[in-house]
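Here is my notebook from an afternoon of looking things up. Have the model open beside you and follow along.

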Amino acid sequence: MSNDTDPLDVEAVKAKLEALRIEHRDLDEVIDRLIERAPFDQLQLQRLKKRKLGLKDQITKLESHLIPDIIA
């Protein structure tokens, strides 16, 4: 078996990934609702977008751990 990743670790990563995706989607909805209310707090919007971007980075990083390297 060439995959040295523990199956339990893979499941933990998948669970974390799903939690991050849910939080990312929820933040998207919060941002949409905030924008609909004029006037809205620009600083709060910036913070939410920054948090959302951070989540996206974490999601991408975890996904790359799950996908085996095809190019050596």
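**Entry 1: isoleucine 35.** I began with the contacts of isoleucine 35: leaving out residues up to four places away in sequence, it touches Phe40 and Leu45. Contact here means heavy atoms within 4.5 Å. I also looked up the C-alpha atoms of isoleucine 35 and leucine 45, which are 8.0 Å apart, with the two positions ten residues apart along the chain. Isoleucine 35 sits in helix H1. Is isoleucine 35 buried or exposed? Neither: its relative accessible area is 38%, so isoleucine 35 is partly exposed. The cut-offs I used are under 20% relative accessible area for buried, over 50% for exposed and partly exposed in between, with a 1.4 Å probe and protein chains only.

**Entry 2: ground rules.** I noted that this is a predicted model, where local features need pLDDT of at least 70 and side-chain atom pairs count only at pLDDT 80 or more, while totals for chains, interfaces and linings use all residues. Residues are numbered from 1 along each chain as its sequence is written, and side-chain values use heavy atoms, with hydrogens and water left out.

**Entry 3: the whole protein.** I found two helices and zero strands. Both are DSSP runs numbered from the N terminus: helices are H or I with at least four residues, strands are E with at least two. Of the 72 residues, 18% count as buried. For contacts with a separation of 6 or more, I read that 66% come from residues 24 or more positions apart.

**Entry 4: the helix pair.** How do the axes of H1 and H2 cross? Helix H1 covers residues 7-36 and helix H2 residues 42-66; their axes come within 9 Å and cross at roughly 155°. The axes are lines fitted to C-alpha atoms over the stretch in contact, and angles run from 0 to 180 degrees between N-to-C directions. H1 and H2 are therefore roughly antiparallel, a label for angles over 145 degrees (under 35 is roughly parallel, 65 to 115 roughly perpendicular, the rest oblique).

**Entry 5: histidine 24.** Next I went to histidine 24, also a residue of helix H1. Its relative accessibility is 18%, so histidine 24 counts as buried. Beyond its neighbours within four places in sequence, histidine 24 contacts Lys52, Leu55, Lys56 and Ile59.

**Entry 6: the loop.** Last, I checked proline 39, which lies in the loop between H1 and H2. A cis peptide bond joins alanine 38 to proline 39, with omega about -10°. I added a reminder that most peptide bonds are trans.
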